[in-house]
Amino acid sequence: MSAPREVRLSTTPTNEAIADLRLGDVVYLDGLMYTAREGVYMRALEEKANIPMELPGQSAANFHCSPAARINADGSFDMGAVTATASFRFAKWLPEWIAKTGAKLIVGKGGMTSKDYKEYFVPNGAVYLSTVGYGTGALLGRGVENVEAVHWNEELGLAQAMWVIKCNKMGPFIVASDMNGECLFERENAKIAQNVARVYEGTKPAVLKRYGESDDRTDEVI
Amino acid sequence: MIPISLIQSTAEDLMDKAAIEIPQDYLDGLQRAARTEDGDLSAFVLKAMLENYAAAKEDRRAMCGDTGVPRWFVKMGNDATVEGGMIALEAALRRATANATNGVPLRPNRVHPLWRTDHDNNVGIGAPEIEYGFEPEGEWIDLITVHKGGLFGTDYRMLFPSDGIQGIKRFYLDSLMAFGKRGLACQPAIIGIGLGGSKDICMTLGKRASTLRVVGSRNSDPRIAEMEDEFKELGNSIGMGAMGFVGKNMVIDCNIEVGYCHTGGMPMSVHAFCLSSRRAVARIFPDGRVEHRTDPDWFTDYQRRETIDWEPVREAAE
């Protein structure tokens, strides 16, 4: 058993640094990262609100995250644990978002499909970083050096607001896509699928089928 | 009479403990899993999780940024009374939920399903859920809070007697495959299975099996206990580990709960708790004593009773 390679990466990474990443590398981030999920995407892309940051100059790292955090009466912030939310739900907005903001690092839970990576990650020089666990919220929280701002809290609420955080060796994250558009999760699924028939031996499909049911266990879920 | 202020302050402590402290039974189970895991990536994930639990406790910050959807299980001895009655108790639990959301802090996860309005405090219509149970004796009240993740790792299916045990296994494996890919359900987890009841009760049984029973507990029916051992082993034979990476640890334990169902059916539900199995329990006595623990001890003989009347004297003599 070999330990994965560890990499320190800026949230405004060079193309060379991105190209050097390999599936399964463990990454720690430095620099500014912002959270954006459905609320931010809808407001910025559908309602055409002005994005309250200079992107990608300030940050090329989009975290699919709602932190466990509060805004104090004096306007300061307290951020406890930080973990990602599942990214596949945001495929609808990501092509436009990446094109518009120059995001190079999409950080979230569960990854996207290799089709997504090939269609709009690779052409924009972007890769996907997955959080670990999931749920290393306390470790990631330790990597938050400062909460720089929270935008659109009034409009979207704490969970959907755009939090801007300063990362200091924040991690671990795992590289889940590369510049060939390969997908770490699909690679692992394919390996697991080879042995699954053995576990199913002797079981039988339910007598009553469900509408739209798939019995193909190599199918992806997203 | 149990003072209402004690109920609220205890409830706030429980919210804090559930979010921050991994229960010992689950931690022991995950440590065992980490020792046996030989998939490179899976092993790295388990190691990171163990470090995360330590960091959470040391910093007094939540284990996971998604702090789940807080809910309450209240169990009362038959002789318990609460100052202000049950309306006051419900208000105290709602207030504790809101205060702890801001205090710990927790993520305010609860929004209106259609309007997405957010009170930023995890309180709203039907939130937090408060469910009740009773025991034949005692003046105490047990407060149990569970903050389960809300989106992935739950399924239900109406099976039929002709599906048999092999059909049950099939749906169990199908569920674990679907939950486990890309690790969306945050395994390895305590898996709960509900068998029987009507659809809603089937879901309730399975959810309680995953959240209200501890690692290592076994159903009091020895044949069901055997199934629990077998299903744990089966789930860990898939070849899938943490985050859906190649590995051998998917199920930290498997708990099965049953309820009588329609003669023509065999409804089944499967639920995965998660890597941050957030649960905390306290028993409050009328004299002001508060005893904290992590085992909800929900499924007593009384909860699983089959008879019309409960005759504790006869039961005790057997």
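**Exercise 1. Locate Pro105(B) in chain B and characterise the peptide bond before this residue.**

*Solution.* Start with the position: Pro105(B) sits in the loop that runs between helix 4 (85–103) and strand 2 (130–135) of chain B. Next, look at the bond that links Val104(B) to Pro105(B): this peptide bond is cis, with omega about -10 degrees. Bear in mind as you work that this is a predicted model.

**Exercise 2. Examine the loop between helix 5 and strand 5 (189–196) of chain B for backbone features.**

*Solution.* Step one is Pro188(B), which belongs to this loop. The bond from Gln187(B) to Pro188(B) is cis, and its omega is near 0 degrees.

Step two is Arg182(B), found in the loop between helix 5 and strand 5 of chain B as well. Arg182(B) has a phi near 60 degrees, a positive value in a residue other than glycine.

Step three asks about burial. The cut-off for a buried residue is 20 or more other C-beta atoms within 10 Å. Arg182(B) has 29 other C-beta atoms within 10 Å, so Arg182(B) is buried.

**Exercise 3. Decide whether Asp297(B) is buried, partly exposed or exposed, and describe its backbone.**

*Solution.* First place the residue: Asp297(B) lies in the loop between strand 9 and helix 8 (312–317) of chain B. Its phi is positive, about 50 degrees, although Asp297(B) is not a glycine. Now count neighbours: 17 other C-beta atoms lie within 10 Å of Asp297(B), so the residue is partly exposed.

**Exercise 4. Describe how strand 8 and strand 9 of chain B are connected.**

*Solution.* Begin with the pairing. Strand 8 (residues 279–284) and strand 9 (residues 290–293) of chain B run antiparallel and are joined by 4 bridges. To fix the register, note that Ile284(B) stands opposite Val290(B) in strand 9 of chain B. Then follow the chain through the turn: the two strands form a hairpin with 5 residues between them, and Gly288(B) in that turn has a positive phi of about 100 degrees.

**Exercise 5. Work out how strand 7 (residues 127–131) of chain A is enclosed and which strands pair with it.**

*Solution.* Take burial first. In strand 7 of chain A, 5 of the 5 residues are buried, so the strand is largely enclosed by the rest of the structure.

Now separate the faces. In a regular strand the side chains alternate between the two faces of the sheet. Val127(A), Leu129(A) and Thr131(A) are on one side of strand 7 of chain A, with Tyr128(A) and Ser130(A) on the other, and both faces are covered.

Move on to the neighbours. Strand 6 (residues 105–108) of chain A pairs with strand 7 of chain A in the parallel sense over 4 bridges, and Ile106(A) stands opposite Tyr128(A). The pairing of strand 7 with strand 9 of chain A is antiparallel, over 3 bridges; here Ser130(A) is opposite Ile174(A).

Finally, trace the connection: strand 6, helix 4 (residues 114–121) and strand 7 of chain A make a right-handed β-α-β unit.

**Exercise 6. Find the buried residues of helix 2 (residues 38–46) of chain A and say how they are arranged around the helix.**

*Solution.* List them first: Gly39(A), Val40(A), Arg43(A) and Ala44(A) are the buried residues of helix 2 of chain A. Looking down the axis of helix 2 of chain A, these buried residues fall within an arc of 110 degrees, so they line one face of the helix. Then ask what lies over them: the cover includes helix 6 (153–156) and strand 9 (162–175) of chain A. One last stop is Lys48(A), just after helix 2 of chain A, where phi is positive at about 60 degrees.

**Exercise 7. Characterise the side of chain B that touches chain A.**

*Solution.* Set the scale: 59 residues from chain B and 52 residues from chain A take part in the contact. Among the elements of chain B, helix 3 (40–59), strand 4 (154–159) and helix 5 (164–180) each supply at least two residues of this side. The largest share, 12 residues, comes from helix 3 of chain B. Sorted by class, the side of chain B that touches chain A has 31 nonpolar, 13 polar and 15 charged residues.

Definitions and conventions: Residues are numbered from 1 along each chain as its sequence is written. Chains are lettered from A and ligands numbered from 1 in the order in which they are written. This is a predicted model: local features need pLDDT of at least 70, side-chain atom pairs count only at pLDDT 80 or more; totals for chains, interfaces and linings use all residues. Two residues are in contact if their C-beta atoms, placed from the backbone, lie within 7 Å. Ala, Val, Leu, Ile, Met, Phe, Trp, Tyr, Cys and Pro count as nonpolar, Asp, Glu, Lys and Arg as charged, and the others, Gly among them, as polar. Two strands pair if DSSP finds at least two bridges between them. A residue is buried if 20 or more other C-beta atoms lie within 10 Å of its own, exposed if 12 or fewer, and partly exposed in between; C-beta atoms are placed from the backbone. The arc is that of the directions from the helix axis to the C-beta atoms. A crossover is right-handed if, with the strands pointing away from the viewer, the path from the first strand over the helix to the second runs clockwise.
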